[in-house]
Number of protein chains: 2
Amino acid sequence: MKTLEPLLEFLSIPSVSTDPGHRDDVRRAALWLKDRLEALGFVAALHETPLHPILYAERLVDEKAPTVLVYGHYDVQPPDPLELWETPPFSPVVREGRVYARGASDDKGQLWAHVAALEGLAARVNVKFLVEGEEEIGSPHLLPFVRENRERLRADVVLISDGAMFAPETPTLTYGLRGLCYLEVRLQGARRDLHSGAFGGVAPNPIQALGWLLARLKDERTGKVLIPGFYERVRPVAEEEKRLWPALDEEALKRELGVDCLPGEEGYTPLERLWARPTLDPNGIYGGYQGEGSKTVIPAEAGMKLSMRLVPDQDPEEVADLAEAYLREILPPGYRLEVRRLHGGRPVLTDPFSPPMRLMARALAEVWGRPPVYAREGGTIPVVAELQEALQAPIVLLGLGLSDDNLHAPNEKFDLLNLEKGIAAIRRFYELLAEEGLQ
Amino acid sequence: MKTLEPLLEFLSIPSVSTDPGHRDDVRRAALWLKDRLEALGFVAALHETPLHPILYAERLVDEKAPTVLVYGHYDVQPPDPLELWETPPFSPVVREGRVYARGASDDKGQLWAHVAALEGLAARVNVKFLVEGEEEIGSPHLLPFVRENRERLRADVVLISDGAMFAPETPTLTYGLRGLCYLEVRLQGARRDLHSGAFGGVAPNPIQALGWLLARLKDERTGKVLIPGFYERVRPVAEEEKRLWPALDEEALKRELGVDCLPGEEGYTPLERLWARPTLDPNGIYGGYQGEGSKTVIPAEAGMKLSMRLVPDQDPEEVADLAEAYLREILPPGYRLEVRRLHGGRPVLTDPFSPPMRLMARALAEVWGRPPVYAREGGTIPVVAELQEALQAPIVLLGLGLSDDNLHAPNEKFDLLNLEKGIAAIRRFYELLAEEGLQ
């Protein structure tokens with residue numbers, strides 16, 4: 001496969017955006033991609049930011065032809081823990097039809113499908129590439145760039161492959177993403193750590209207080225989030241939308257997770273809870289003594305990371321306001337509370353049957369020999385909501401990865417069959433678009 | 001002061017019992033003390049254990065004379081964090097009437113008072129010293145030694161200085177100690193860490209579950225421990241005992257802790273809650289992501305350290321059984337629970353007016369010019385209950401430290417005034433004992 005060799009080259013560049021030691025590598029990855037796009041006839045340039053450059057490239061053939069904007073990212077997660085990789089993360093290898101490397105699925109491999117699809121394809125559609133090097137650190141500079149270059153980025157469809165298929169050999173069109181509101185909650189009790197013998201009985205204990213807060217945030221029996229107003233803006237799912245959904249194999253999911261039940265909000269199916277219901281989960285907690293054995297301390301401080309996945313029409317800032325107000329209201333006496341807002345992303349819902357989605361569905365059906373399933377995703381891609389709002393164009397989310405691709409984990413991989421079929425489907429999409437346009 | 005120089009020598013030996021690198025130093029401290037006791041006419045020997053030796057020494061003058069057993073420990077806590085010490089922890093210095101060094105108050109300085117008190121004192125009482133080098137690691141080998149040497153250790157009174165005075169310039173006789181039941185509680189949810197976007201809504205979250213457990217362990221409103229049967233064996237405090245207690249300066253305590261209230265069990269005063277009521281406190285908690293910023297993980301595991309201070313007649317093993325049974329009962333579905341028992345110690349209550357306590361009260365009154373206060377302590381000295389049971393002798397707990405001595409913390413200190421007056425009071429106690437005996 002002539003598309004594989006360049007991908008292996010791309011994957012061998014350790015473009016870890018969070019690590020200052022890899023700053024030059026990140027730029028190298030951007031430049032590598034720029035060269036590739038220029039070889040395909042694109043006019044490309046790196047746009048500097050205070051950190052990693054944004055690559056913007058365009059190949060405009062006819063202003064009356066439809067315009068596609070492809071978004072992707074060339075940066076990758078850190079490879080730690082290194083010792084758990086079977087082969088080095090930046091020495092890509094192919095084993096049993098999969099390429100193993102950091103970034104193989106997220107997102108270099110999926111992005112590469114969009115580049116490779118253009119090779120040898122007649123240029124009858126305007127194509128723009130917007131590729132950033134800061135996705136893994138929250139895209140701090142992409143949004144201002146998008147707002148400032150709205151005209152230039154204008155497109156009839158935004159095409160993104162940075163996700164997963166619903167199941168192996170199941171072409172998938174994703175039309176919804178959850179949003180995110182991520183907080184850090186810290187409690188301070190006494191001025192200093194205290195001996196639990198000398199002061200137990202009069203000292204505030206921030207760990208105990210975190211426990212009380214957690215129990216008041218989420219009902220143990222019903223799994224409901226107890227923040228007043230939390231569910232107010234949640235858009236119910238129409239029965240006809242649910243009929244669109246594929247069946248979730250709950251037994252397989254339980255086996256995958258190694259659990260004997262799937263706890264969650266009462267009154268909703270697991271798939272609804274994953275795709276269309278908001279959640280609250282503590283993602284980390286700390287305080288006091290964590291080492292081996294015992295230490296009889298009442299710590300002065302304790303804290304937790306607390307995130308909520310949001311669904312349309314919840315707004316991350318509004319939810320953060322509600323959560324903070326509630327935390328202040330239920331805070332027991334004797335503690336100082338600090339709430340920091342770490343991260344946010346708006347939920348996305350797009351029309352599953354928009355004209356470009358319908359074209360892509362046909363392309364997928366031709367290549368895979370079966371029609372795609374329509375899926376939402378439980379995760380968040382903050383930039384999607386931003387692109388949708390800034391460009392007011394329909395979005396096509398075409399995930400080519402699989403849920404076992406080990407994103408953000410050791411031994412990340414990407415199935416070459418999905419690369420191959422993905423390239424074919426994208427080519428077919430361009431052909432259909434050139435022939436039929438978008439009605 | 002001729003008693004100071006040897007103490008500085010004793011304090012300069014880094015006898016950190018938990019650190020294998022200091023094993024020889026621990027032995028050196030034991031040998032140093034052995035020499036000192038032999039110089040006072042004691043027959044002394046080190047008794048080997050699998051770890052650090054027990055020093056036993058005796059000076060028997062007359063089998064009809066009363067016998068005193070002094071208990072203490074020659075090992076110390078680790079000095080970390082070193083950078084917070086104003087002067088090096090094992091280079092003792094005197095500043096403003098206090099000696100600063102690791103072990104100054106806990107317990108070398110207080111133990112030294114009992115050795116120095118004997119210097120030049122006519123030997124009219126049988127004296128035994130039982131000094132261990134493993135107190136700071138839970139006295140694993142002392143108890144078997146005590147049980148095997150019950151006859152040899154037999155005494156009319158056990159004298160221990162390893163605690164604090166109620167307040168500065170307030171001679172204090174302690175007649176009660178709380179016990180301890182220390183558990184580690186771990187929860188496992190899924191088989192591996194999960195992405196909170198991809199699985200939030202169906203995945204068990206062990207951090208959230210720890211919160212539910214904590215809220216069910218201790219009532220937020222009343223401060224009561226909710227474990228069924230927890231309070232069943234708690235001996236109420238008689239009004240006459242409470243009348244014995246000194247007044248607690250609650251405002252001063254709040255200032256010391258930097259808090260605006262003293263949260264605790266409703267219906268009891270702060271002093272009762274510290275001395276005569278059991279408590280439950282998480283001492284540490286961990287799970288998920290604890291670093292800077294955000295990580296959207298639902299961890300597979302989370303855990304906490306959980307300790308309960310006990311009062312007569314609660315029993316650590318029984319309380320551990322109750323707690324574990326309750327935790328298993330309230331465990332939400334979807335989690336595996338592991339409870340490890342890390343540490344225990346039985347509570348102690350002695351007669352505040354036993355004959356040796358009355359003698360020591362007179363000695364303290366003479367030296368300080370004011371009668372002692374009678375206090376319980378919120379902390380635990382597990383060996384006291386063991387000695388009390390094994391030897392069936394009255395215990396005199398004479399704390400010579402102060403609450404601001406920085407035990408287990410940087411800049412540990414011991415007030416030389418308390419050393420001096422302590423020595424004088426102990427000498428006077430021996431004189432009164434020789435003259436009047438114990439009725």
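**Exercise 1: a charged network in chain A**

Start with Glu184(A), Arg186(A), Glu301(A), Lys305(A), Glu338(A) and Arg340(A), which are linked in a network of salt bridges. Keep in mind that you're looking at a predicted model. Your task: find out how many salt bridges the structure holds over all chains, then look at what the bridge between Arg341(A) and Glu317(A) ties together.

*Solution.*
- Step 1. Over all chains, the total comes to 72 salt bridges.
- Step 2. Pick out the side chains of Arg341(A) and Glu317(A): they meet in one of these bridges, at 2.9 Å from N to O.
- Step 3. Arg341(A) sits in strand β14 (residues 336–345) and Glu317(A) in helix α11 (residues 316–330), so this pair ties together parts of chain A that are 24 residues apart in sequence.
- Step 4. Check the surroundings. Arg341(A) is partly exposed, at 35% relative accessible area, and Glu317(A) is partly exposed too, at 48%.

**Exercise 2: buried or exposed?**

Take the salt bridge between Lys413(A) and Asp415(A). Is Lys413(A) buried or exposed, and what about Asp415(A)? Then turn to chain B and work out which strands are linked by Lys305(B) and Glu184(B).

*Solution.*
- Step 1. The closest N and O atoms of Lys413(A) and Asp415(A) are 2.6 Å apart.
- Step 2. Buried means under 20% relative accessible area. Lys413(A), at 2%, therefore counts as buried, and so does Asp415(A), at 14%.
- Step 3. Over in chain B, Lys305(B) and Glu184(B) form a salt bridge, with their closest N and O atoms 2.8 Å apart. This one links distant parts of the chain: Lys305(B) is in strand β13 (residues 301–310), Glu184(B) is in strand β9 (residues 179–188), and 121 residues separate them.
- Step 4. Lys305(B) and Glu184(B) are both buried.

**Exercise 3: the company Tyr430(B) keeps**

Find Tyr430(B) and say which residues it touches, not counting those up to four places away in sequence.

*Solution.*
- Step 1. Go to helix α14 (residues 416–436) of chain B, where Tyr430(B) lies.
- Step 2. Tyr430(B) is buried, with just 3% relative accessible area.
- Step 3. Its contacts are Val68(B), Val70(B), Leu118(B), Leu121(B), Val125(B), Val127(B) and Leu159(B), once residues up to four places away are set aside.
- Step 4. Now compare sequence with space: Ala117(B) is 313 residues from Tyr430(B) along the chain, yet their C-alpha atoms are separated by 9.0 Å.

**Exercise 4: where the chains meet**

How many residues of chain B are in contact with chain A, and which three supply more of the area chain B buries there than any other three?

*Solution.*
- Step 1. The contact takes in 77 residues of chain B and 77 residues of chain A.
- Step 2. Together the two chains bury about 5,900 Å², with 54% of that on carbon and sulfur atoms.
- Step 3. Val202(B), Trp212(B) and Glu220(B) are the three to name: they supply 12% of the area that chain B buries against chain A, more than any other three residues.
- Step 4. Look for charges next. Four salt bridges cross this interface. Arg192(B) forms a salt bridge with Glu256(A), with closest N and O atoms 3.0 Å apart.
- Step 5. There are also 41 residue pairs in polar contact between the chains. On the side of chain B that touches chain A, the largest share, ten residues, comes from strand β11 (residues 279–288).
- Step 6. That side of chain B divides into 33 nonpolar, 26 polar and 18 charged residues.

**Exercise 5: unusual backbone spots**

Most residues other than glycine have a negative phi, and most peptide bonds are trans. Which peptide bond is cis at Pro81(A), and what is phi at His408(A)?

*Solution.*
- Step 1. The cis bond joins Asp80(A) and Pro81(A), with omega about -5 degrees. Pro81(A) is in the loop between β3 (67–73) and β4 (93–95) of chain A.
- Step 2. Another cis bond runs from Pro312(A) to Asp313(A), with omega near 0 degrees.
- Step 3. His408(A) has a positive phi, near 65 degrees. You'll find His408(A) in the loop between β17 (395–397) and β18 (413–415) of chain A, partly exposed at 38%.
- Step 4. In chain B, Glu169(B) has a positive phi too, near 55 degrees, and is exposed at 52%.

Technical notes
Residues are numbered from 1 along each chain as its sequence is written. Chains are lettered from A and ligands numbered from 1 in the order in which they are written. This is a predicted model: local features need pLDDT of at least 70, side-chain atom pairs count only at pLDDT 80 or more; totals for chains, interfaces and linings use all residues. Side-chain values use heavy atoms; hydrogens and water are left out. Helices (H or I, at least four residues) and strands (E, at least two) are DSSP runs, numbered from the N terminus. Buried means under 20% relative accessible area, exposed over 50%, partly exposed in between (1.4 Å probe, protein chains only). Contact means heavy atoms within 4.5 Å. Buried area is the accessible area (1.4 Å probe) that two parts lose on being put together, summed over both. A polar contact is a pair of N or O atoms within 3.5 Å; within protein, one must be able to donate a hydrogen and the other to accept it, and residues adjacent in sequence count only if both atoms are side-chain atoms. Ala, Val, Leu, Ile, Met, Phe, Trp, Tyr, Cys and Pro count as nonpolar, Asp, Glu, Lys and Arg as charged, and the others, Gly among them, as polar.
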